[in-house]
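Biologist: Please take a close look at one single part of this model, and walk me through it with the cut-offs behind each term.

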Amino acid sequence: MQYAIRKRVMVTGGAGFLGSHLCDRLIADGHDVLCVDNFFTGTKDNIVHLMDDPHFELVRHDVTFPLYVEVDEIYNLACPASPVHYQLDPVQTTKTSVHGAINMLGLAKRTKAKIFQASTSEVYGDPEVHPQPEDYWGHVNPIGRRSCYDEGKRCAETLFFDYRRQHNLRIKVARIFNTYGPRMHPNDGRVVSNFIVQALRNEPITIYGDGSQTRSFCFVDDLIEGFVRLMDSPDDLAGPVNLGNPGEFTIRELAEKVINMTGSSSKLRYEPLPSDDPTQRRPDIALARERLGWVPTIKLETGLATAIEYFEELLRERG
Ligand code: NAD
Ligand code: UDP
Ligand code: UDP
């Protein structure tokens, strides 16, 4: 008799926005999923629907401490992602990226697991090359308020490539551009969740600076498809690989879209631009297209409609 062998896949940061969607996908694909999270920005609400599944397991753990488990694949997502949250305790943010990466790489080395790193477009800083290809080294302030995140993630990338060179680890590094969708934390300060929640409450929409800075927004389902394709790609593809939607919008355009789509009476309120806020950002996704056959398929309006529906229900439940 033949037994189906399930892959044992660990997701750090699995109770967060992206991590919880990834856990859903991995369970749907028939894997055993170990979700590791310290609930700093994640919440049980994001994964409660998986808790009765015998193939899903939750461990409360901080990745800055060693962890000994037996797994075949690791997705390392643990790290607060919104500027508001990662600047709350910046030293812990750097520790999470750097000590967290060392521990997870040590675990991957011992278990011979394949390991994926959720890196970020923030490694490009305030980019002088536009759109950003993977071979652009970036323009990052090493001592500013965003540095704990940017430099933490850059150091994590260094560690991943050194473990590959030194210990032959199978690594997959994704540079994720702004992603949005259901289960973003309503108070986490990121622009899409802020604008939708403000619009639904008919409160002022807070635009930092003059709103001419740009971002490219990817819907979560598209991104998760990219994660899985990268993890399943041949071992020679270590990355980094940009994953994001190349559609580029100014923050003012986003505000107007959200107001129109929600039928809100909110007005725009201009507030100071935070320091080191990148002026432009758009991924060059040629590598992902070529090597993974991946392109985002969900338009901003379509994804926003789904996100708006999610926040409407959340606000109805919680006020
Ligand atoms: P999120 O804040 O919703 O999720 C992060 C998760 O990590 C949370 O569940 C949090 O509790 C957990 N966590 C934080 N520190 C931890 C620690 N020390 N030990 C264990 N768990 C810890 O953010 P997200 O948007 O889901 O981001 C997930 C990953 O993707 C992050 O690494 C982030 O840097 C990266 N990323 C996200 C975006 C985006 O637009 N969402 C863009 C670029 C990169
Ligand atoms: N580590 C871990 N789980 C493991 C194996 C290692 O958390 O299953 C941690 C371990 O505590 C160490 C780190 O990963 O600090 C790096 O491990 P590595 O083997 O690369 O280095 P060393 O143990 O030689 O410092
Ligand atoms: N932003 C804004 N109003 C808000 C939240 C964010 O104008 O209420 C701006 C922010 O200054 C930045 C962009 O929107 O230029 C994206 O911000 P976010 O925090 O979502 O992500 P990141 O700056 O990390 O790309």
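Biologist: Which residue has an N or O atom in its side chain 2.9 Å from an oxygen atom of ligand 3?

Modeller: That residue is Asn178. Please bear in mind that this is a predicted model, in which local features need pLDDT of at least 70 and side-chain atom pairs count only at pLDDT 80 or more, while totals for chains, interfaces and linings use all residues. Residues are numbered from 1 along each chain as its sequence is written, chains are lettered from A and ligands numbered from 1 in the order in which they are written, and side-chain values use heavy atoms, without hydrogens or water.

Asn178 is one of several partners in polar contact with ligand 3 (a pair of N or O atoms within 3.5 Å): a polar side-chain atom of Asn194 lies 2.8 Å from an oxygen atom of the ligand, and a backbone N or O atom of Thr206 lies 2.6 Å from one of its nitrogen atoms. Of the 510 Å² of accessible area (Shrake-Rupley method, 1.4 Å probe) that ligand 3 has on its own, the protein covers 95%.

The shell behind that cover holds 18 residues, with Val191, Thr206, Arg215, Asp277 and Arg281 the closest; a residue belongs to it if one of its heavy atoms lies within 4 Å of the ligand. By class, seven of these residues are nonpolar, five polar and six charged, where Asp, Glu, Lys and Arg count as charged, Ala, Val, Leu, Ile, Met, Phe, Trp, Tyr, Cys and Pro as nonpolar, and the others, Gly among them, as polar. At least two residues of the shell come from helix 5 (191-200), and at least two from strand 8 (205-208), both being DSSP runs numbered from the N terminus (helices H or I, at least four residues; strands E, at least two).

Definitions and conventions: A polar contact is a pair of N or O atoms within 3.5 Å; within protein, one must be able to donate a hydrogen and the other to accept it, and residues adjacent in sequence count only if both atoms are side-chain atoms.
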